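User: Please take a close look at one part of this model, namely how its domains are placed and how they meet. I would also welcome an account of the contact between the chains.

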Amino acid sequence: MKTSLNRRNFLKMSAVGGAAATLAGCQSDPVEKLIPLLVPPVDYVPGKSVHYATTCMECSAACGLVIRTREGRAIKAEGNPHHPVSKGRICAQGQSILQGLYSPSRASGPVYVVDGIRKAIRWEDGISLIVSKLKPLKNKQGKRILYLGPPKSGTFPSLLSSWMKQAGGGTTLELDLMSVNSVSEANRLCFGSAEIPHYALDKAEFLLNFGSDFLESWLNPVQLTADFSEMHSLNNGRKGEFVHVGPHVTLTGSNADEWISCAPGSETYIALAVCRELLEHPPNISRSKIKPIRTYLDSLPIDKSLDKTGISKPKINELAKKFNRKGKSLALAGGNCVAGAQATDLQIAVNLLNYLAGNIGETVLFGADYKSGGSSLEQIDGAIQKMKAGRFDLVIIENVNPVFTLPKQSGFEKALKKAPFVVSLSTENDETSTLADLHLPTSHFLESWGDAKPRNGLFTIQQAVMDNVPQFDTMGLGDLFLSLGNQMEFRGFEAADFQQYLKNAWSEIQKTVKNRQPFARFWNESLRKGCTYRNFTPRSLPLRSGVFSRKPVPPETGTDSITLLAVNSNLHNSNAKGGNKTWLLETPHPLTQVVWDSWLEVNPQTAERLSIKHGELVELETSQSKVKLGVWVYHGIEDNTVAIPAGLGRSVLFPTYKSSRGRSKFIPILESGDDVKVRPRKVGINAMELLPWKWDFLSGDLCFQGEIKSIRSLGKAADLVTMDGQHRLDINTDQSIIDRGLADRSQKGRGFIQTVSLGKTQGHDIDHASKGHHLKKRFYTVPRENKHSFYDPMEENVKTHAAMSDQITTPVYHDPYKWEIAIDLDRCIGCSACVIACYAENNIPMVGKNRAALGREMSWLRISRYFEKNPETGKLETYYSPQMCQQCDNAGCEPVCPVYATYQTPDGLNAMIYNRCVGTRYCSNNCAFAQRRFNWRSYQFPSPLHLQLNPAVSVRSKGVMEKCTFCQHRIREMKDIARDQGRTIRDGEIQTACQQACPANAIVFGNIKDKNSQIYRIKQKNKRKYTQLAELNYQPAVSYLKKVNLNNRKA
Amino acid sequence: MSQITYGTINDSVVESMVPPGKKWIIGFLMVLSALSMGVFAFSVQLRHGLEWSGINHPISWGVYITNFVFWIGIGHAGTLISAVLYLVRAPFRNSIYRASEAMTVFAVMTAGLFPIIHLGRAWFAYWLMPYPNQRELWVNFKSPLLWDVFAISTYMSVSIAFFILGLIPDLAAIRDESKGLKRFLYSIPALGFKGTNHQWIHYMRGYLLFAAIATPLVFSVHSIVSWDFAMSSLSGWHSTIFAPYFVAGAIFSGCAMVLTIMIPLRSAFPGFSAIISIKDLGGMAKMIIFTSLIVTYAYATEFFIAYYSGAKFERALFWFRPFGEMKWYFWLMVFCNCLVPVALWFKKLRNNLPTLFIISLLVNVGMWLERFNIVGTSLAHGFDPFAWGTYTFEWVEIWITIGSFGWFFMWFFIFVKIMPSIAVAEMKETLKPPMRKKNE
């Protein structure tokens, strides 16, 4: 290795190594097995991780991944820094792909169902079965094949379409319920280009968002989060503003500076009202172009509709004023809570907004053509009808689960039963594959080859990072179709395997990206980087007049009906892929903190009217179905609207740990080794059961709104488990919040999250803002003159700590390293990607619902969520703070351990020696941050999830304490490398798992003794720096940077 | 039996040591089954971890540590009675000190189990001992838990030695009364005591010495136990009042336990009621009044300091105890520890055995709750509001608690049958020596 080895180079090198291993003989004989251990590749060293670049296929965004493998198996998913869209970051769902790879629900091999009996067969038999079905179809050209799969870009779709054509033709549909077709449809109507444009959030100063959850599950949340944090974080004393309009506050809405609540369906007219207001301040567009818009807007009942929404004119005025920024603003719309029957009309209104503010070509860039979303539901419905009518002889379903994800009313299940022969190619056993006649499980995307084209000019390779997981007999999707084509003697299916096919296709791509290197080199480099790209050419498009014929339906009023919203979150979306991944189920939902369950979010007023209380079990009835679930009274939802999370309700394989929950506490509960079995259990409720089969007619996006027939309290407590504790009564509990029907979930003035406010001070330096008159005394820190007691913390001298490291008088204990972390609360959006990265990296066991209810959760990193009341407006504001072990210099845990199982390392970390721990748990009691986790029992990693375990981190057994280690093993690994090279570690070479995952770039880790490190600069210079519970003098190594609010307001 | 004589004392004590009757056997079986519940529950815990204890995050110490402090506290009254009251020559001590001292030994034996029971890996409990080993591992003398190890082991050895020392003259007496194997067995602990003047002088010196050694332990051991809490930085624990407060509490609960044991003992053996006078029990009741006042004062001080210091975390915690969701533990504790002992101010109630017995039971409950309050509520309402929690009792810890009573009473049941549960020699001391009448 070169001496200029930093982290990125290290990754590159490792990837090269990996790629080289794969390519060792690629000219003659493609290497099938990545690490054939009989003849190990030259760079294979046991105990050393090898990184492979590949592409994430969890959603259609196709982010770049680097998969860390050890001893030939994938153990961790990380972002690919070379990828121009995801830029080395990764989301919570992306982290969880390893639980898909090692899912206990995976199908073990081909299954053929004869007369209702499931029979394991060999692959050859499975393939010849399909071939026998195909033969009669081949010559008919009757279009009697239905192929239903997830949205795919890249090489496979062309292979598939060629295959379909030669097999006799049929219908190929992509099933994805993300509501983005309305975006492309509106763009087609407005600008004549049916595409998803590039939204340059980072270039906007003002963001007006109509309901979309762009930080969670909409379009590419990784990219949008990164851009959003650029735009919305403090930069030279300024930060962008973000207003969220919609009936429901999700994680995205909670990060806004203001939430404007409105009834579902009224967003369109709010957007149009802002449009009309924009016309009053003549935008930078010629009069002739404005005139038809004015005529159009005048023809719509905007005033009348606005009265019904309850939003005042001055508010619209204010929005318009802020929005009018000559191309420096951006309006977005989308997401489930605005996905009604007129979703496209809202998109058109938003397009008008962007057009009038001059944003087209500035913050809305056409030409990118992001690949996202599936086929229109109209087409899907057509296919269902045809299937019902028996017009398909062969139905192939690949890795989608329509039986579960489509509303029951669609009749998919019934139609599927009518189909003569159904083949499932699902990797996992799911609700749909169990109905298939033949199940040929395809390999997970980390085991097989493929590629993707997430946007124009960007081509990414999906490299197989490991051989098949040992217990699963699967085949790559591409390979399967190649061999089917081969046996049918189709043209163009001669390639030996899909990897070869891909290479042929990539020689074309090489021409597209104008790369003139020899192909082998081009392919090598693309493999190493995971992608090849050139920037797309941004286009600005003129507005088409045809759009003025649209007459959006004005919002209804006077109805007492309650609307049900099925909403996505950062953890689950309506495609329900994460619904059986325990990491996603055990990570608390950021706002409600509910784990392992579905819940019903109800506005406090609605709850009062329906006389239901928080935590009660209710029976919810829509015209489709009736379910029972717990109520979560939530201020962030519009009156007369209730919300339920989408994507839950799947059956999850989890160990059957016994629990005394709900049983007598005097009678023994015994559990023998045989009692703990991995059994499926249903987690939550499938929101789709409650929704009607209805879609927006223009775009074919599913309507995520249903009408509630009744909500009835069942008069008993629901079994809802939440991970927050601050709703408990306290001396500082705010009675006024309780009077409003909510619980006080504030931090009770304890200063964990501190804020500063920018307002009129826009442009002042932050020092002024934090020390001067802009600092509102809402949080704990007090200036010296206001001290009431010696326990009150003073405003900290932020320089002290960094300065202390200069003084020779202090013991040179931390030499040459002292690891510290800084977390910028202004950047953190609470998305929990770090939490799951920590689960994955550190072998943290999942404990399940019953244990979580008892306070037995094991997560080393949690996102504390607080709802603080703004004393000026009386509104509740949401704050997030990632809390991990603070690695205190003067820690509470260390002196109380009787056996030195926890001690201070020379690097300034609180080391935890599992082997020495006897389990007195005093350290946990004396940890002011409540960060230690105890192994109340030995937990299981249901097979094959144990293969994901990181060999660098020990798996803890019952009776020992554990906690965040600052990814000590990564420090160790890099220290060894640095020592071999006779140097010290450089800044940025070590990234902790949480830091690496963070899409918002909120976490900085480094050596405070290194004067050139980023962490040193932050701790030395940043005036927003504070440590939590400073008055205890624990001297935490984790510093937080204060949240910056605009005008002392937040959503 | 109108008058106590040397003979009646001998007779009643010997009578208590006759082979067990039906009642004793039934009682002993009950005690053994309670113990076996505890043993069973502990074995389940060893096998599966602390899964079915109510301990959780953030309340990492719960019933086990509560039990530990409770039993250690119980022990203190015995040492107080046998050592401190001996030094100050309190007259009501003699009839009850032997049983209380036995109670001390058994209570410490019970208490000593709990730090091991509560460990996550109980099989490594010996790692808390500083023993030389090749791995060069050592213990952390900064940890209050290690101080505990030494405090408890010291306390246990001193109280056992003191107990055995006090038994010598009585064991010698029994040896002299018995024959065969029994005589041989009793002759071993009797250490050849013949009752010569010379021996008595040495014996009395030795006893005084041990009383003097044991006396500071009454205060130091429970102070150290209190530092398990006070040395942490948790509000509700981090308090300088803890040492005296805990010592007073320990004596409070110990005296109540003495009554809880002596009153049934007195009625179990008919001869005892003459020896253990109601006045002696009343003396214990007065101790209870006194210590109850100290404890009540300590509660009030804690609240006052929480208010007066202005520390937010302290204030929040001391608001949480009486008004938060765990308030019933607190109010039950105040009722048992502060209000119930007020009844003892009245002589009539104090001298009424059933009342006294019920009060002593309530005080025991109250003191258990006091420890649970300190352990549980402080942890439930710590610094980080996001991590606030609550506690539910689970079967293993309930069974182990029942088992600890079984363990304690098993020793006591054995004790009353093999050893004189009233100090014969010392009781005789208090009597007028039966001199020959002048005219005889």
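Analyst: In this predicted model, the C-alpha centres of domain 1 of chain A and domain 2 of chain A lie 31 Å apart. These two belong to a division of chain A into domain 1 (190-365), domain 2 (563-723) and domain 3 (755-1046). Where domain 1 of chain A and domain 2 of chain A meet, 23 residues of domain 1 are in contact with 26 residues of domain 2.

On the domain 1 side of this contact, the elements that give two or more residues are helix H8 (251-254) and helix H13 (343-356) of chain A. H8(A) gives the most to that side, with three residues. By class, the side of domain 1 of chain A that touches domain 2 of chain A consists of ten nonpolar, eleven polar and two charged residues.

The contact between the chains can be described in the same manner. Here 53 residues of chain B are in contact with 57 residues of chain A. On the side of chain B that touches chain A, two or more residues each come from helix H2 (22-48), helix H5 (144-177), helix H11 (312-323) and helix H15 (395-418) of chain B. Among the elements of chain B, H11(B) gives the most to this side, with six residues. The residues of the side of chain B that touches chain A divide into 29 nonpolar, 16 polar and eight charged.

Methods
Residues numbered from 1 in each chain as written. Chains lettered and ligands numbered in written order. Predicted model: local features only at pLDDT ≥ 70, side-chain atom pairs only at ≥ 80, totals over all residues. Contact = placed C-beta atoms within 7 Å. Helix = DSSP H or I, 4+ residues; strand = E, 2+ residues; numbered from the N terminus. Nonpolar A, V, L, I, M, F, W, Y, C, P; charged D, E, K, R; others polar. Domains from an automatic or database assignment.
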